[in-house]
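The following exercises are to be worked with the sequence and the coordinates at hand. Each task is followed by a solution in steps.

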Amino acid sequence: MRRRRVLPGFGLSLGITLFYVALILALPIGSLLFKAASLGPEEYWRIVSSGRALASYRVTVLSAAAATLFNLVFGLALAWVLVRYSFPGKRLVDAIVDLPFALPTAVAGIALTTLFAGNGWFGSILAEAGIKVAYTPLGIIIAMAFTSLPFIVRTVQPVLEDLDPALEEAAQSLGGSDAAIFRKVILPLLTPALLAGVSLAFARSLGEFGAIIFIAGNRPFSTEITALLAFIRLEEYDYQAAAAIASVLLITAFVMLAVTNALQARALRYTRRS
Amino acid sequence: MKGNAKPPRVGDRPAIRRTLIATVLLVGAILILAPLVVIFAQAFSLGIGTFASTIAHPDTRHAIFLTVVTALIAVPVNTAFGVAAAWTITKFDFPGKRLLTIVIEIPFSISPIVAGVAYLFVYGLQGLFGPMLQSAEIKVLFALPGIVLASMFVTAPFVARELIPLMQAQGRDLEEAATSLGASGWRTFFSVTLPNIRWALLYGVVLCNARVMGEFGAVSVVSGNIRGQTNTLPLYVELLYHDYQTVGAFAAASVLTVLALVTIVAKILLECQGAGRAGPRALVGPVAILKEKTP
């Protein structure tokens, strides 16, 4: 369907948009990729596959996976409770779910560190059980779980609200138990939204910086995330290494963006059909 | 149970319901509420006098000032961009539209550290324009312009992503009617389009502002952290915290926390006006948006 352009302002608005995209987004991203590419394949590979870099990918990816898995369960439970039940203070709980989005990451970082440090409210209790959270990978997971929680809740919530009660009633009339109906009827309907939320949460966790660096301890090879390694290389004036490592994060983000978009498109199609 | 009695909905049995609510509230209290409480508890732990003197300290005031100035530049510019981008994408068909929509969303998925590093390779000494800027004695990095640019990068999609799904859903008929009746483009925008998108626009602006004022990673790369000169409030929080001035750090952090709470309240109020509802929240990815309008 081809339409004639009847509305004015095409040139102006497209011009502004392209100028801004070029200046603010494309120029820095292009410069970074250019810098990384100018290293040459051998040097680039040497930097991005160094032991310390590999260890940082491992910490980042494993922590992000653990945090996402936690949020998959907790986020789903939270969305379920908010949609299906009524209880005093529900609106407040619903509102506070957005706190991780609204709270600056540095503030979240120092607050979580203070809570989970050895002398903190939770840290001191956990210390008696022999569990250390702050300055261990567990701390990284908690910081990631905090910052990415809203993604899963807010993706699942609307789908759960729109769920047709007739489907559950039909399953009940056929004698299904609650557990069986949840697993075989409800969960499959939520899966596309859950997947979309999971990919958003995982992507966010991979790139998170502010909330993590305070609680992580930042020891090379054990609690150093990739974003921090790029930052450290900069502070050491090793710009080539910083460019190479940042480009790894950038390319990962592009891949995650593609995955997220595919999953979101699928989730949206699914929502509309049901 | 009688034969025709309707069974409770799935998960509505009291035992399940109570367990789930209790578990969720407990975990939520630990993970979300406790951080909120600890910020204020720490900020006021040495009494209100210490809190007040931290806030009144010239360095704190300067950090607040720098944060506000950054927002005053970055937010309006990003708003103008968001409106222009949404107008382009929703009111016209052109090749590459889909790509443009995806490109605008990129900052949303990039680590803020990457954004900061990328800016270094444009305006830094080892970057594209660095040497040129230095000979012209223009300071971009480690100064206000760098902070503003990095903030703009990070928040570039915020306004556009609220407007695009809404304007897509509203279609072009009203604007086309207005222009065919002889209204100019600007008149059409201000009297026809703007009233229809004002709440979503404000919604985007509020979220954009919160992120600009709270941005840490990108800004910490480009600011150079010069105390009393290039510290925004989040950077100042970090500086105090690493200086073992925990109470001061939390006092400064409490200012940002109040901002976050105000943002949440504003968000809820705007959602009551119908903003943020253009599509299932968070499901409005770029591809999804454009698939929205397949006839």
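**Exercise 1.** Is T188(B) buried or exposed? Determine also its place in the fold and its contacts beyond near neighbours in sequence.

*Solution.* The model is a predicted one. Begin with the count of C-beta atoms: 22 others lie within 10 Å of that of T188(B). The cut-off for a buried residue is 20 or more, so T188(B) is buried. Next, locate the residue: T188(B) belongs to helix α10 of chain B, which covers residues 185-214. Then set aside the neighbours within four places in sequence; the contacts of T188(B) that remain are E175(B), A178(B), T179(B), A183(B) and T193(B). Finally, take a distance across the chain: I55(B) is 133 residues away in sequence, and its C-alpha atom is separated from that of T188(B) by 46 Å.

**Exercise 2.** Describe the overall fold of chain B, and state how far its coordinates may be trusted.

*Solution.* Start with secondary structure: chain B contains 14 helices and zero strands. The C-alpha trace extends over about 70 × 65 × 35 Å along its principal axes. Of the 295 residues in chain B, 51% are buried. Among contacts with a separation of 6 or more, 76% join residues 24 or more positions apart.

Turn to confidence. Chain B has a mean pLDDT of 88, with 90% of its residues at 70 or more. By element, the highest mean, 96, belongs to helix α3 (residues 58-91) of chain B, and the lowest, 42, to helix α14 (residues 286-291) of chain B. Across residues 278-295 of chain B the pLDDT is below 50, although this stretch has 52 contacts in the model beyond near neighbours in sequence. Where pLDDT is low, predicted coordinates should not be read in detail. For the model, both ipTM and pTM are 0.91.

**Exercise 3.** Which domains does the assignment give for chain B, and how many residues of each are in contact with the other?

*Solution.* The assignment places residues 8-43 in domain 1 and residues 47-291 in domain 2 of chain B. The C-alpha centres of these two domains of chain B lie 31 Å apart. The contact between them involves five residues of domain 1 of chain B and eight residues of domain 2 of chain B. On the domain 1 side, these residues comprise four nonpolar, one polar and no charged.

**Exercise 4.** Characterise the contact between chain A and chain B, and then check the geometry of helix α6 (residues 105-116) of chain A.

*Solution.* Each chain is counted separately: 89 residues come from chain A and 89 residues from chain B. On the side of chain A, helix α13 (residues 239-273) gives the most, with 16 residues. By class, this side of chain A has 67 nonpolar, 14 polar and eight charged residues.

For helix α6 of chain A, 12 residues at 1.5 Å a residue should span 16 Å; the end C-alpha atoms are 16 Å apart, so the expectation is met. The helix is mostly covered, with 12 of its 12 residues buried; among them are T105(A), G109(A) and F116(A).

**Exercise 5.** What is the phi value of Y237(A), and what is that of E137(B)?

*Solution.* Y237(A) has a positive phi, near 60 degrees, and is not a glycine. Y237(A) lies in the loop between α12 (226-235) and α13 of chain A. Its count is 9 other C-beta atoms within 10 Å, so Y237(A) is exposed. E137(B), likewise not a glycine, has a positive phi of about 55 degrees. The loop between α6 (130-135) and α7 (144-155) of chain B holds E137(B). With 6 other C-beta atoms within 10 Å, E137(B) is exposed.

Notes. Residues are numbered from 1 along each chain as its sequence is written. Chains are lettered from A and ligands numbered from 1 in the order in which they are written. This is a predicted model: local features need pLDDT of at least 70, side-chain atom pairs count only at pLDDT 80 or more; totals for chains, interfaces and linings use all residues. Two residues are in contact if their C-beta atoms, placed from the backbone, lie within 7 Å. Helices (H or I, at least four residues) and strands (E, at least two) are DSSP runs, numbered from the N terminus. Ala, Val, Leu, Ile, Met, Phe, Trp, Tyr, Cys and Pro count as nonpolar, Asp, Glu, Lys and Arg as charged, and the others, Gly among them, as polar. Domain bounds come from an automatic or database domain assignment. The expected span of a helix is 1.5 Å times one less than its number of residues. pLDDT is the predictor's confidence in each residue, from 0 to 100.
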